[in-house]
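Q: Please take a close look at a single part of this model, and set that part in the context of the whole chain. A connected account would suit me better than a list.

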Amino acid sequence: MLLAIDCGNTNTVFSIWDGEKFLCTLRTSTHHARTADAYFTWYSTLVKHYGIEVDITEVIISSTVPRVVFNLRVFADRFFGCRPLVVGKPECLLPQQPRVDADTQIGPDRLVNTAGAYDRHGGNLIVVDFGTATTFDVVGDDGAYEGGVIAPGVNLSLEALHMAAAALPHVDIAKPEHVIGTNTVTCMQSGVFWGYVGLVREICAQIKSERDRDMMIVATGGLAALFQQNEALFDAYEEDLTMHGLTVIHRYNKENTP
Ligand SMILES: Nc1ncnc2c1ncn2[C@@H]1O[C@H](COP(=O)(O)OP(=O)(O)O)[C@@H](O)[C@H]1O
Ligand SMILES: CC(C)(COP(=O)(O)O)[C@@H](O)C(=O)NCCC(=O)O
Ligand SMILES: [K+]
């Protein structure tokens, strides 16, 4: 059975894939110093809690934090006796070659989102991922990653206000009832919520205009739901898109590696 690991700058997510469906999804915060033993203690406690008894024989990893990969490799080797497939490494094949400037190190999460979205929807897409950063990935007709946009994440924007301004508190994102805030918290929420609605609309419109055609917009990442409920910014919202992309890349490598 396959263990898929998506490590972002904020959270690390593990999902067990039985070939047809995900049996469970486990989430922890990302720490580069977490050891292989610590991963296993956390993982085995939760798997036992959910009553899942599986034999993991394969591991695939996508990590936007290069330093965590070492401990995750040790984890896979020590506890499952396998060598993980690491997206972005030369030995991990991609279904389509990215079309970007030479020597560009594309975030592996973006390559994985591209593969997952193409598998579900075909080409000519914009994938929006609301993570630590908000990324827009342009997927070509043949499913290749063709570039995109990196913007500061929703929580990062709120946190930046708090960090830089002595009188601004820590605030959680929410859609404020009115655009004109009547206290500090609603003023900050309004700035980030409506600023983001504008950012997403404008960037998608500009991408379509640069391509001179309509494109399907697929969103992922926990905070996408907040925007989708309120503003219908996307054609689809898929929480499991990155995990799905990991299974697609894993299958492609199995089928194409001698
Ligand atoms: N369902 C959710 N509701 C509210 N905040 C969320 C949700 N999912 C993630 N977040 C927040 O969104 C930010 C990005 O999280 P995540 O998507 O896990 O990022 P990354 O993939 O970069 O690790 C974090 O600040 C996280 O706490
Ligand atoms: C843009 C990102 C920081 C997003 O990471 P995340 O928000 O998922 O943690 C990551 O994809 C990354 O480090 N990219 C490298 C540069 C690039 O994609 O061009
Ligand atoms: K991500």
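**One lysine and its setting**

A: In this predicted model, residues 24 or more positions apart in the protein account for 57% of the contacts that have a separation of 6 or more. The fold in which these contacts occur is made up of seven helices and 10 strands. The radius of gyration is 19 Å, close to the 18 Å that the globule rule gives for 258 residues, so the protein is as compact as a globular protein of that length. Its C-alpha trace spans about 60 × 45 × 35 Å along the principal axes, and 46% of the 258 residues are buried. Of an accessible surface of about 13000 Å², 52% belongs to carbon and sulfur atoms. As for charge, there are 19 positive and 31 negative side chains, and the centres of these two sets lie 4 Å apart.

The chain is divided into domain 1, covering 2-86, and domain 2, covering 108-245; 12 residues from domain 1 and eight residues from domain 2 take part in the contact between them. The C-alpha centres of domain 1 and domain 2 are 26 Å apart.

The part chosen for the close look is Lys-175, which sits in the loop joining α4 (154-164) to α5 (184-211). With a relative accessible area of 34%, Lys-175 falls in the range between 20% and 50%, and is therefore classed as partly exposed. Once its neighbours within four places in sequence are set aside, the residues in contact with Lys-175 are Phe-193, Trp-194, Leu-226, Asn-230 and Glu-231. For a view across the model, Lys-175 may be set against Gln-96, from which it is 79 residues away in sequence and 38 Å away in space, taken C-alpha to C-alpha.

Two further loop residues, described by their backbone angles, complete the picture. Asp-103, in the loop between β5 (85-86) and α3 (108-121), has a positive phi of about 65° although it is not a glycine. The relative accessible area of Asp-103 is 77%, which is over 50%, so this residue counts as exposed. Asn-124, located in the loop between α3 and β6 (125-130), is likewise a residue other than glycine with a positive phi, near 65°. Here the relative accessibility is 16%, and Asn-124 counts as buried because that value is under 20%.

Definitions and conventions: Residues are numbered from 1 along each chain as its sequence is written. Chains are lettered from A and ligands numbered from 1 in the order in which they are written. This is a predicted model: local features need pLDDT of at least 70, side-chain atom pairs count only at pLDDT 80 or more; totals for chains, interfaces and linings use all residues. Side-chain values use heavy atoms; hydrogens and water are left out. Helices (H or I, at least four residues) and strands (E, at least two) are DSSP runs, numbered from the N terminus. The radius of gyration is taken over C-alpha atoms; the globule rule is 2.2 Å times the number of residues to the power 0.38. Buried means under 20% relative accessible area, exposed over 50%, partly exposed in between (1.4 Å probe, protein chains only). Contact means heavy atoms within 4.5 Å. Accessible areas come from the Shrake-Rupley method with a 1.4 Å probe; for residues, only the protein chains shown count as cover. Lys and Arg count as positive and Asp and Glu as negative; His and the chain ends are not counted. The place of a charge is taken as NZ of Lys, CZ of Arg, CG of Asp or CD of Glu. Domain bounds come from an automatic or database domain assignment.
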